[in-house]
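Please load the model in a viewer and keep the selection panel open. The stops below are meant to be taken in order.

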Amino acid sequence: MDTRWVVFIFSLLSATCGWAEKQRKFKDDFLFGVSTSAYQIEGGWNEDGKGESIWDHHLHKHPEVVIDFVNGDVACDSYHLYKRDVEMLRELGVDFYRFSISWSRVLPTGLPNTINEAGFAYYDNLIDELLKYNIIPMVTLYHFELPQRLQLLGGWSNPLSVQWFQDYAGQVFKRYANKVKYWITINQPSVCMEPYAPPALGDEDAVGAYICVKHILLAHAAAYRLYEKEYKKKYKGQVGISLSLNLYDPVDNRTESEEAAERARQFASGLYLNPIWSKEGGFPSVVKELVAKVSKKEGFPKSRLPEFTEEENKALKGSADFLGMNHYTTFLVYPESEKNVGELWYIGDLDVRITRGEKWEEAMSPWLKSAPYGLYKACLYLNKHYDYPQIIITEHGWSTDTGLNDTGRITVMKEYFKALLLAIEDGTEVKGYSYWSLMDNLEWISGIMERFGLYEVDFHSENKTRTARKSALFYKHTIEKKIIDESWDIDDKDFKIEISDRRMKKKKDEL
Ligand code: GAL
């Protein structure tokens, strides 16, 4: 359906049913959190026996790929300042903290022959500090950081990577299964397709990208099955995977536009959803057909898209207790026949042309515009095509340049919360929401220019001083009240934030 229709129907229903006036509320057990990832915040890149990761290696060798030449050597220095991070979580009053473990910090070679006790001690301390204040740890095992040593062995294109990841996951599960109940195996397997990201197999040849996708998905399933077998019964934790689930919407209501948008959805997200959540399993048929066609044209005797064996299919199907949804924006897709419009957008073998709504609010990041209806529509699409998956929004965020008075971020958060509440009302099973990010951090090749934080970080100060933005106070208020308070505002120029007793009170109530 044309996006404008959706917006129109929304406003019509709002007007006729009094939806606009209705005060919606997040349920009492809805979980609010914030997210970060190891490379983007930790620093301490070679401290206490940490091994090199592909991002360490890449940005040391090619500092010029980052817009402002900043790398993750120090970042927010959370390796030393984690107690301040937890203090910020307490100030916000969040239920959970989603952070990632750096594989090469705990297993410097990537393989389980060497365990770095000092590296594990860092996560022991962080997790214990969270639990001390009743904040739920949500751990991502892989957020784009492969140990460099494994990259030298072919990285995710080596079939053994599935075993390497399972061994690593096994070490982490063994250590933390009694303390951590929410696990995310892989953050955005679509990283295999990202031309900006190392190992950059994606842009060097379209062969490596799909092999990476196959192995990273199998690695996820292997970790899921290991937890299921060894820990699930005893510890009752949940294991999921986080996918990039932005919406690809047709640019207008022509059938060709809708068909092109659907193809884009299959390449951008079906590739990862289908093997785990569809009844038939495996890669989506439209992706199979298209890659086979293009491969043939290129002279390959066989499609570049690998297949799953029956056994692999079985391991993958149903291998997630929840779907981690990373949703930032919406792209409007043109029919493929229109070659001279919009912007070229590469997703696998599909060269689509996209645009964004002209009037949509723009963030600091060039790819990011606000289209809250897209979150609603993306949720309903998931319900329809993947049978109402259990969802946790593991990332959603907005970038600004700098400054504490970030009213733009607050507006975007409000609008997306409204869309989320509507999606829940219309049947979407969403258990929690996590804002990206707790604080400004190293935004990959965009360096420290694009700031997603609820807390501003002064990267030039010795202590990487973190200061609450106005949005931090807005989020805190939303978490406390569980409603979207349109009238909320504050005068205070310092945006002073104090520790909330919300989680400690909850602990007391539970006892
Ligand atoms: C996500 C990624 C995060 C963060 C965010 C904002 O795709 O998982 O690490 O960088 O985008 O761009």
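An axis here is a line fitted to C-alpha atoms, for helices over the stretch in contact, and angles run from 0 to 180 degrees between N-to-C directions. The model is predicted.

**Stop 1: helix 6 and helix 8**

Select helix 6 (117-132) and helix 8 (residues 161-176). How do the axes of helix 6 and helix 8 cross? They come within 12 Å and cross at roughly 45°. Angles from 35 to 65 degrees fall outside the parallel and perpendicular classes, and helix 6 and helix 8 are therefore oblique to each other. Their crossing is right-handed. On the helix 6 side, the contact is made by Glu-117, Phe-120, Ala-121, Tyr-123, Asp-124 and Ile-127. On the helix 8 side, Gln-171, Val-172, Arg-175 and Tyr-176 make the contact.

Pick out Asp-124, which sits in helix 6. Is Asp-124 buried or exposed? With a relative accessible area of 19%, Asp-124 is buried, because the cut-off for buried is under 20%. Leaving aside residues up to four places away in sequence, Asp-124 touches Arg-175 and Tyr-176.

**Stop 2: helix 8 on its own**

Now hide helix 6 and check the length of helix 8. At 1.5 Å a residue, its 16 residues should span 22 Å, and the end C-alpha atoms are 22 Å apart, which agrees.

Next, colour the buried residues of helix 8: Ser-161, Val-162, Trp-164, Phe-165, Tyr-168, Ala-169, Gly-170, Gln-171, Val-172, Phe-173 and Tyr-176. An α-helix has 3.6 residues a turn, so residues three or four places apart point the same way. What do the buried residues of helix 8 pack against? Their partners among the helices are helix 5 (103-106), helix 6, helix 7 (148-152) and helix 10 (206-230). Strand 3 (136-142) and strand 4 (182-187) are partners as well.

**Stop 3: strands 2 to 5**

Select strand 3 and work outward from there. Strand 3 is mostly covered, with six of its seven residues buried. Strand 2 (residues 96-100) is joined to strand 3 by five bridges, and the two run parallel. Across this pairing, Tyr-97 stands opposite Pro-137 in strand 3.

Move to strand 4. Four bridges join strand 3 to strand 4, again with the strands running parallel. Two bridge partners can be labelled here: Met-138 with Tyr-182 in strand 4, and Tyr-142 with Ile-186 in strand 4. In strand 4, six of its six residues are buried.

Add strand 5 (residues 238-244), which pairs with strand 4 in the parallel sense over four bridges. Trp-183 stands opposite Val-239 in strand 5.

**Stop 4: the open sheet of four strands**

Go on to the open sheet with strand order 6-8-10-9, whose pairing is mixed. Which strands stand at the edges? Strand 6 (247-250) and strand 9 (343-347) do, each with a single partner strand, so one side of each is left without a neighbour in the sheet. From one strand to the next, the twist averages 50°.

Zoom in on strand 6 and strand 8 (residues 330-333), which run parallel and are joined by four bridges. Tyr-248 has Phe-331 in strand 8 as its bridge partner.

Then show helix 12 (residues 255-277), which lies across strand 6, strand 8, strand 9 and strand 10 (350-355). Helix 12 runs at about 165° to strand 6.

**Stop 5: three backbone details**

Start with Asp-77, in the loop between helix 3 (54-61) and helix 4 (78-92). Phi of Asp-77 is near 60°, a positive value in a residue other than glycine. Asp-77 counts as buried at 15% relative accessibility.

Go next to Lys-482, in the loop between helix 17 (470-481) and helix 18 (502-510). Lys-482 is not a glycine, yet has a positive phi of about 65°. At 7% relative accessibility, Lys-482 counts as buried.

Finish at the peptide bond from Trp-436 to Ser-437, which is cis with omega near 15°. Ser-437 lies in the loop between strand 12 (429-436) and strand 13 (455-457).

Terms used. Residues are numbered from 1 along each chain as its sequence is written. This is a predicted model: local features need pLDDT of at least 70, side-chain atom pairs count only at pLDDT 80 or more; totals for chains, interfaces and linings use all residues. Side-chain values use heavy atoms; hydrogens and water are left out. The expected span of a helix is 1.5 Å times one less than its number of residues. Buried means under 20% relative accessible area, exposed over 50%, partly exposed in between (1.4 Å probe, protein chains only). Contact means heavy atoms within 4.5 Å. Two strands pair if DSSP finds at least two bridges between them. Angles under 35 degrees count as roughly parallel, over 145 as roughly antiparallel, 65 to 115 as roughly perpendicular and the rest as oblique. A crossing is left-handed if the near helix is turned anticlockwise from the far one by less than a right angle, and right-handed if clockwise.
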